[in-house]
Amino acid sequence: MDLGIRGKRALVCAGSKGLGRGCAEALAEAGVDLVLNARGTEALEAAATAMRDRFGVDVITVAADITSPEGRAEVLAAAGAVDILVTNAGGPPPGHWPDWEREDFIRALDANMLTPIALMKALLPGMIDRGWGRVVNITSASVKSPIGVLGLSNSARAGLTGYVAGTARQVAPHGVIINNLLPGIHDTDRAEALDAGVMKAENITREAARAQRMAGIPARRYGSPADFGAACAFLCSQQAAFIVGQNLLVDGGAFNSTL
Ligand code: NAP
């Protein structure tokens with residue numbers, strides 16, 4: 001399908017690996033030029049080179065911590081006017097509710113709620129002026145179905161979801177479309193880390209931990225960054241212009257519900 005976004009320019013945050021990279025690759029495949037961010041230079045440059053070589057798009061890299069004010073300023077300065085924004089950052093660490101202090105919540109809120117909000121605040125006005133824009137926030141399936149050990153993530157992402165619900169409807173009249181993509185379990189470094197948590201907690205092998213987690217997924221596999229990226233590129237397409245303020249699960253059917 002031609003997504004109608006060839007020649008547009010996208011900022012993809014936290015995009016050198018995992019889900020962010022899946023989104024960046026799917027946009028590059030659709031002909032979108034990229035501003036690609038992550039903290040580590042090596043994986044970032046390798047990802048950028050791979051996408052330039054494979055898809056022939058322009059890729060600017062900005063190595064910076066997107067969750068810090070300085071890092072965001074650097075990224076935004078390099079990005080300039082972008083048509084598409086994909087917000088993402090590493091997720092908060094797992095833990096147990098009695099152990100979380102105010103500072104733990106502040107860190108999680110900063111990374112997974114206030115960072116995407118700051119990026120939208122900076123970039124939505126330009127999109128509104130130009131009469132076209134797309135924002136996809138990578139959140140989590142935990143927004144719909146809380147994950148006990150990820151209480152910091154449950155909390156921060158719920159806050160972002162509330163913000164998007166209201167804001168998406170205020171910018172839609174200007175041709176600017178905001179939606180959230182909710183990953184279930186995908187095969188990335190993050191999933192490896194969470195597998196390791198299950199291995200430790202239950203004293204089982206990696207294979208047993210993955211089998212246990214896959215048993216809860218009707219598709220009986222973890223998602224891939226490419227699965228996730230395809231959904232992201234569609235939400236950034238011309239065709240998605242009437243999908244406003246939604247929360248789309250990409251989870252292989254793991255969330256069991258009729259609606
Ligand atoms: P990942 O494989 O660990 O990849 C993280 C990517 O983000 C890397 O490119 C990393 O590069 C970059 N990054 C991390 N923190 C950053 C920061 N502060 N500033 C800039 N770049 C940063 O993670 P993932 O699995 O793709 O997950 C992406 C998001 O989806 C996370 O918030 C995660 O909690 C959420 N999620 C994932 C799953 C899953 O199953 N994978 C499920 C639900 C939710 P550097 O380290 O070099 O910065």
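Me: When is a crossover right-handed, and which elements make a right-handed β-α-β unit with S1 and S2 in this predicted model?
Reply: A crossover is right-handed if, with the strands pointing away from the viewer, the path from the first strand over the helix to the second runs clockwise. Helices (H or I, at least four residues) and strands (E, at least two) are DSSP runs, numbered from the N terminus. The model is predicted, local features need pLDDT of at least 70, side-chain atom pairs count only at pLDDT 80 or more, and totals for chains, interfaces and linings use all residues. Residues are numbered from 1 along each chain as its sequence is written, and side-chain values use heavy atoms, without hydrogens and water. The element that joins S1 and S2 in this right-handed unit is helix H1 (residues 18–29).

Me: Which residue in S2 stands opposite Ala 10?
Reply: Two strands pair if DSSP finds at least two bridges between them. Strand S1 (residues 9–12) runs parallel to S2, and 4 bridges join them. Opposite Ala 10 stands Leu 34.

Me: Why is strand S2 largely enclosed by the rest of the structure?
Reply: Buried means under 20% relative accessible area, with a 1.4 Å probe and protein chains only. Strand S2 (residues 33–38) is largely enclosed because, of its 6 residues, those that are buried number 5.

Me: In what order do the 7 strands form the open sheet?
Reply: S2 and strand S3 (residues 59–63) pair in the parallel sense over 5 bridges, and strand S5 (residues 133–138) is joined in parallel to strand S6 (residues 176–183) by 6 bridges. The pairing in the open sheet is parallel, and its order is S3-S2-S1-S4-S5-S6-S7.

Conventions. Buried means under 20% relative accessible area, exposed over 50%, partly exposed in between (1.4 Å probe, protein chains only).
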